[in-house]
Amino acid sequence: MLVREQLTMSEYRDKDPLIHGIQSKIRVVPNFPKPGIMFQDITTLLLDPKAFKDTIDLFVERYKGKNISVVAGIEARGFIFGPPIALEIGAKFVPLRKPKKLPGKVISEEYVLEYGKDCLEMHVGAVEPGERALVVDDLIATGGTLCAAMQLLGYLRT
Ligand SMILES: O=P(O)(O)OC[C@H]1O[C@H](OP(=O)(O)OP(=O)(O)O)[C@H](O)[C@@H]1O
Ligand SMILES: Nc1ncnc2[nH]cnc12
């Protein structure tokens, strides 16, 4: 009889030394920028070249050869992780920017954040209908930012 081991997410993280190594480099700052927020600070991960490279490699391994032609990076921290992943998987990099930063014609999507409200914009023509995209950011809190990014890319669905 084959018995599969069921692991919770945190047990899985603890068992995988690579993921544990990456996680241990992310500094958690309580009550920043507001009371009640546990801020996940990835700048401490960037100080460690091995942990930074392990992070990129993890995504490259997962997404290489999956026919992805666009890596869409969310401002600001998706601009740190997105470009090295894009280069390695042979995809173009498209920045999804905060309002009024892109000089060309844009499409926009508003969203609600854990501590405020914001908007993402993408250049019209940067992504063609039918392309396969990978959205990259440093973290999901409420998921509002990721949903807005997916909405933006979804407008181009064939
Ligand atoms: O899942 P959500 O609740 O939408 O939150 C996650 C988003 O919040 C952070 O960015 P932030 O808006 O703080 O902007 P920054 O990267 O420009 O500092 C983070 O980098 C994600 O983009
Ligand atoms: N908890 C958190 N840590 C870092 N960035 C964030 N953006 C929104 N929530 C955040």
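Analyst: A polar contact is a pair of N or O atoms within 3.5 Å of each other, and that cut-off is applied here to a predicted model.

User: What makes the approach of ligand 1 to the side chain of Asp 138 a polar contact?

Analyst: An oxygen atom of ligand 1 is 2.6 Å from an N or O atom in the side chain of Asp 138, and because the limit is 3.5 Å, this pair qualifies. By the same reasoning Thr 142, whose side chain places an N or O atom 2.5 Å from an oxygen of the ligand, and Arg 77, for which the corresponding distance is 3.2 Å, also meet the criterion. The protein covers 86% of the 500 Å² of accessible area that ligand 1 has on its own.

User: Which residues come closest to ligand 1, and how many surround it?

Analyst: Ligand 1 is surrounded by 16 residues, of which the closest are Asp 137, Asp 138, Ala 141, Thr 142 and Thr 145. Thr 145 is also listed among the buried residues of helix H6, which spans residues 144-154, together with Gly 144, Ala 148, Ala 149, Leu 152 and Leu 153. The buried residues of H6 pack against S3, S4, S5, strand S6 (116-123) and S7.

User: Why is Glu 109 called buried?

Analyst: Glu 109 has a relative accessibility of 15%, and since buried means under 20%, the residue falls in that class. Glu 109 is found in strand S5, and, leaving aside neighbours within four places in sequence, its contacts include Ala 148 and Leu 152, both of which are listed as buried residues of H6. The side chain of Glu 109 also makes a polar contact of 2.4 Å with that of Tyr 155.

User: Why does Val 106 count as partly exposed?

Analyst: The value for Val 106 is 27% relative accessibility, and because partly exposed lies between under 20% for buried and over 50% for exposed, Val 106 belongs to the middle class. Val 106 is found in strand S5, residues 106-113. Not counting residues up to four places away in sequence, Val 106 touches Glu 121, Met 122, His 123 and Val 124, whereas its C-alpha atom is separated by 19 Å from that of Lys 117, 11 residues apart along the chain.

User: How do you know that S3 and S7 pair?

Analyst: Pairing requires at least two bridges between two strands, and 4 bridges join strand S3 (residues 70-74) to S7, therefore the condition is met. The two strands run parallel, and within this pairing Val 136 of S7 is the bridge partner of Gly 73. Strands of a sheet pair through backbone hydrogen bonds, either parallel or antiparallel.

User: What makes S4 and S7 edge strands?

Analyst: The open sheet of 3 strands has the order S4-S3-S7, with parallel pairing, and strand S4 (92-96) and strand S7 (133-136) each pair on one side only. The twist averages 25 degrees from one strand to the next. Helix H5 (residues 78-89) lies across S3, S4 and S7, running at about 160 degrees to S4.

User: How many helices and strands does the protein chain have, and what pattern do they follow?

Analyst: The protein chain has 6 helices and 7 strands, which follow the pattern α-α-β-β-α-α-β-α-β-β-β-β-α along the sequence. Buried residues make up 30% of its 158 residues, and the C-alpha trace spans about 50 × 45 × 35 Å along its principal axes.

How values were computed
Residues numbered from 1 in each chain as written. Chains lettered and ligands numbered in written order. Predicted model: local features only at pLDDT ≥ 70, side-chain atom pairs only at ≥ 80, totals over all residues. Heavy atoms only, no water. Axes fitted to C-alpha atoms, helices over the stretch in contact; angles between N-to-C directions. Contact = heavy atoms within 4.5 Å. Near = heavy atom within 4 Å. Polar contact = N/O pair within 3.5 Å; in protein donor to acceptor, adjacent residues only side chain to side chain. Areas by Shrake-Rupley, 256 points an atom, 1.4 Å probe, with all protein chains shown as cover. Buried < 20%, exposed > 50% of the residue type's maximum accessible area, 1.4 Å probe, protein only.
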